[in-house]
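Student: I would like a close look at one part of this structure, namely its salt bridges. Could you take me through them slowly, with the terms explained as they come up?

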Amino acid sequence: MSLNTPDAIWAKVSSADPNRSADEICQLADEHFEDIAGTIPPDGAALQVIIQAACSLGRFDLLTRLALRLADKPEHWHVTKETASLLHHLTLIAEWPAATTILHKASSDGHRGFAEIISATSEVRFLRALDKIDISSSTWLSHIVLLIALARQLRWHAGFRRAQYLLICGITPDRLAELPQLWQALDLPMTALPSIKAHVSRKWRGPELDEDWRRCLNIFREDPTIETAQVVWQTADLHGRTGPLLVAAPLSGAARSALAGRMAATIPANASPIWIYMTWREGADQLIGAVCGYLDVNSRITISVGGDGGSADLQRASAALLATRLYMFARPVVTWGGAKLFFQNLLPVVEAFNEQTVGTAWLSIVCDRSFPLHGIAHFAHRLADKHIMSRPGLLDAPHSWHREWEDEIVQTLPARLSSALNELFSRGTAKHLIDLVGPDSSYFPPNDFRLNQCHVNFGGSPRAVQGEKRFAAQSYAISAYNVDFRWMSVARLAEFVDVGTEVGTTFARALHPWIVEWIHETLKPLNTRIGEPFFVADRRYTMHLLANPDRFRLFAAMSFGMGPEMNFFDTYAWSNDLVDHFLHLFARQPMEEVDSKLLDAVLEDADSTGHQYVRKAVRDPYDQLLNTLARRLIDDAGWSDIYWAIPGPKVTTMPDQILPALDAHLMDVLVGLPLVVRDLLGRRVQKGSLTPDGEVRGPEGTYGRWRYAEGWLLIDFDDPQLGTKRYTGIGANATTLTLVPDEIVDVYNGWSAFLDFDLAAIDVSERIIVQLNPDTIIGHDLLWIGGTQQEACLLAAFADLGRSVPTPTLRYAGRALEFRSGSRGSLLLATVNGWPALLRLRGAAHANGRTVIQTSSADDEDHESWASAQGIQPSYTLSTLDLRGRWKAETFSGQHLIELRNDGSIRDEEGVVLGRWLAREGSLTLVGLDKLRIAVATQFQVFDGLWRLTGWARPNLQETLSFSLSQIQRPDRE
């Protein structure tokens with residue numbers, strides 16, 4: 001066969017005898033390199049043959065040349081993920097001229113095992129291969145430094161540290177002089193070298209230096225002063241003990257950056273904004289812990305609350321609102337796994353996403369049992385990379401029903417389904433049902449599995465399908481004389497049931513055959529897909545979705561099925577040429593729950609394929625999976641200033657009510673205010689007020705009597721047409737608070753009676769709303785939560801996480817010793833993990849009856865000011881006087897600026913009255929604001945002198961959503 005064309009050369013390589021030597025294959029590649037590298041292989045097989053042969057011989061020179069020539073050709077992803085990974089690594093390495101020399105030397109020395117490390121597709125494989133490296137060879141030092149540089153470039157933090165550890169273990173003092181040249185040639189941070197040299201020194205003088213370290217710690221523990229602490233920090237620096245320095249010592253920015261360069265690889269600054277939409281039903285600690293893994297300057301989180309519009313854990317979970325870019329909302333009768341929780345609640349978030357983001361932003365859908373495999377900062381950088389779509393395995397959504405069956409089967413399916421139902425409930429036989437889903441069905445494989453999943457209700461009332469029949473947190477039931485076919489609707493968009501939710505129960509009802517036929521006609525032209533609800537999409541996808549009028553028909557058709565979110569979004573992407581803007585980034589495993597046995601497979605998937613999340617990771621006796629995920633999050637967060645969140649030693653009484661409601665405090669405010677009693681149509685009006693002695697009194701005397709208990713107001717009107725009315729619901733505008741009757745209102749009860757209270761008459765007296773005292777932690781041994789993510793540390797301090805959820809936080813025993821007033825704020829001398837720490841007091845937060853103190857790393861200037869600083873007892877007080885001034889009110893749908901005035905009014909920037917504010921100990925209530933109506937803040941945070949209040953609002957009588965109130969400037973109290 002003539003080899004005068006590139007195709008002929010590739011064919012020759014592809015058809016090579018399996019027993020042919022690697023030498024012959026590499027020789028063929030060498031002789032015809034320009035023809036090979038200048039063309040596109042028809043598939044990855046031939047390229048794979050050359051790469052395997054080159055790896056087996058340690059021919060890194062050939063591999064590097066191939067990588068550079070194919071780097072700009074997206075077709076090289078046609079090879080296996082191992083080959084694609086190797087080419088990617090070699091492309092990175094080839095950017096360093098020194099690396100080429102090192103690899104050529106490895107080739108000539110025959111270090112074939114080195115290829116296993118270079119070609120590792122994941123950090124797991126990289127770490128395993130590192131353990132096999134031969135440190136006895138003359139070239140091992142250059143090899144290990146090259147691997148340090150590669151791990152840093154790939155942002156494999158554990159591999160980066162492990163390679164440095166091997167360097168420290170293997171190098172001798174006489175070879176330290178070789179490091180600077182290698183380090184610089186491979187673009188490694190020169191600031192890390194002093195620490196490495198200190199580690200090497202400690203290795204060779206171990207016992208002597210360890211004794212010195214213990215002696216310094218003991219001196220500080222016996223006499224905890226700044227002077228004895230300084231001796232410990234200096235000794236840690238001398239010995240290369242990175243942990244005590246990063247976690248506890250006051251360092252300048254340059255020194256901290258140098259240490260950070262030793263601890264982990266850096267993440268590039270370019271990043272895309274990410275909106276996280278998370279579903280949640282119960283488990284406050286689970287939610288708070290999960291949220292911690294998603295907090296980042298690039299992320300914004302919106303949580304959809306399930307469980308019939310509320311949750312038993314909502315009060316404790318509300319501590320998560322202390323995070324500045326986190327929002328929650330709940331709608332009535334939203335069930336776990338139902339259409340509203342996921343399908344319908346997502347749409348207003350998509351609208352807000354389109355309105356508030358720019359072209360590079362992405363929307364990511366997760367649940368509270370989804371954990372990141374990479375930190376969000378790492379993920380945001382990857383999304384900003386224009387090549388992310390070229391990675392394999394991200395768009396694997398299989399075809400749905402009408403791509404699998406013949407057209408005539410699809411056409412007759414609605415009629416056959418209707419016939420089966422008619423036979424069931426007219427004759428009590430199931431021949432047509434067996435023909436449809438039984439072992440001899442033309443639609444499904446020959447077994448009884450699908451037939452055995454059908455449930456038929458022959459009773460005249462709804463019946464539950466629970467227990468062994470259908471295990472789920474949600475209650476499922478079948479309406480009278482109907483069949484539960486929902487499993488078919490989930491698996492294939494072929495048979496539909498009318499799924500409705502009532503009082504926490506999802507009911508299956510059969511549809512009219514004409515509706516089923518309309519659904520089929522709607523879906524037949526589409527590229528229907530069986531997908532999954534957890535996806536990542538960019539703004540092109542979301543903008544197209546909201547602008548396309550055809551979305552209504554698809555939405556309506558799929559809403560008739562069980563779990564429409566499973567298929568709607570994939571179908572929309574594949575039917576509208578949007579697959580390049582829509583990703584599935586969850587690592588797929590054969591087991592529903594993921595434990596440590598699947599750790600290697602999950603990490604391999606994350607590193608080689610680019611998947612970002614894993615679902616339903618669970619604890620096991622070794623906690624290896626969750627600990628590893630937590631460590632990856634810590635590394636990806638970067639190492640800079642360390643923040644500490646310190647839960648106070650005492651928990652006070654939790655607030656009685658966190659949701660806006662007619663509570664006793666609000667009733668005290670309403671008593672005595674001018675009142676108008678009117679009907680719904682405004683045709684009957686009667687003025688008056690609620691008197692302290694329980695009367696409803698007007699200008700002409702008493703016309704009713706009132707009493708309050710357990711969140712509701714009861715009024716016995718003298719007018720027999722009105723009778724007795726019960727009030728729980730609250731409405732409001734800028735000047736009026738309205739209580740609405742808890743009943744059906746119509747002409748037959750005279751359009752009922754609504755109570756309008758004039759808010760202008762509210763008395764605003766000076767009072768303290770909340771007082772937070774950091775000095776309560778002095779002298780107590782407490783669990784301190786630390787890390788570089790300030791808000792993750794804060795939220796973790798409000799939850800009992802244990803090790804059940806991976807978070808980017810450290811947990812150490814700590815003890816606060818003394819507060820002083822430094823030149824730039826309050827300082828704290830403490831111990832963390834037994835090490836002396838000098839920290840800067842940043843603020844405090846209060847939620848759920850618990851106060852958490854917030855600190856951060858101090859620096860050299862703070863250290864110098866400590867000796868002359870005065871001892872203090874710091875305190876943060878928010879009173880009604882502090883409310884004066886400009887604030888930012890914010891919900892998931894937007895924000896606007898408001899001003900709180902001394903007279904209790906809320907105004908816009910032009911002075912127009914928007915509503916009223918009411919304050920008491922432990923809460924602030926806002927009434928009348930557009931899109932909030934009535935809002936109550938019960939969580940408080942002060943950070944760097946500015947207050948932020950969070951809580952819940954009711955924009956109408958049905959919905960509940962979170963809000964925040966952030967102080968823009970501190971009021972002048974002169």
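Tutor: Let us begin with a term: a residue is called buried when its relative accessible area is under 20%, exposed when that value is over 50%, and partly exposed in between. The model is a predicted one, and a salt bridge here is a side-chain nitrogen of Lys or Arg within 4 Å of a carboxyl oxygen of Asp or Glu. By this rule the count comes to 33 salt bridges, and I will go through some of them, starting with the pair whose acidic partner needs the term above.

Glu 861 has a relative accessible area of 42%, so this residue is partly exposed. Its side chain meets that of Arg 824 in a salt bridge, with 3.6 Å from N to O. Arg 824 lies in the loop between β26 (810-822) and β27 (825-832), while Glu 861 belongs to helix α34 (residues 860-866), so the pair ties together parts that are 37 residues apart in sequence. Arg 824 is also partly exposed, because its relative accessible area is 40%. This contact does not stand alone, since salt bridges that share partners join Arg 824, Arg 840, Asp 859, Glu 861 and Asp 862 into one network.

A second pair is formed by Glu 743 and Lys 725, whose side chains meet in a salt bridge of 2.7 Å, N to O. Glu 743 sits in the loop between β22 (736-741) and β23 (754-758), and Lys 725 sits in strand β21 (residues 724-732), so this salt bridge ties together parts that are 18 residues apart in sequence. The two partners can be set side by side: Glu 743, with a relative accessible area of 32%, is partly exposed, whereas Lys 725, at 2% relative accessibility, counts as buried.

A third pair is Arg 175 with Glu 178, where the side chains meet in a salt bridge at 2.9 Å, N to O. Here Glu 178 is partly exposed, because its relative accessible area is 36%.

It is worth turning from salt bridges to cysteines for a moment, where a search of the whole structure finds zero disulfides. Cys 169 counts as partly exposed, because its relative accessibility is 38%, whereas Cys 216 counts as buried at 2% relative accessibility.

To return to your request, the network that holds Arg 824 and Glu 861 also takes in Arg 840, Asp 859 and Asp 862, and you can look for these residues in the structure while following the account above.

Technical notes:
Residues numbered from 1 in each chain as written. Predicted model: local features only at pLDDT ≥ 70, side-chain atom pairs only at ≥ 80, totals over all residues. Heavy atoms only, no water. Disulfide = S-S within 2.5 Å. Buried < 20%, exposed > 50% of the residue type's maximum accessible area, 1.4 Å probe, protein only. Helix = DSSP H or I, 4+ residues; strand = E, 2+ residues; numbered from the N terminus.
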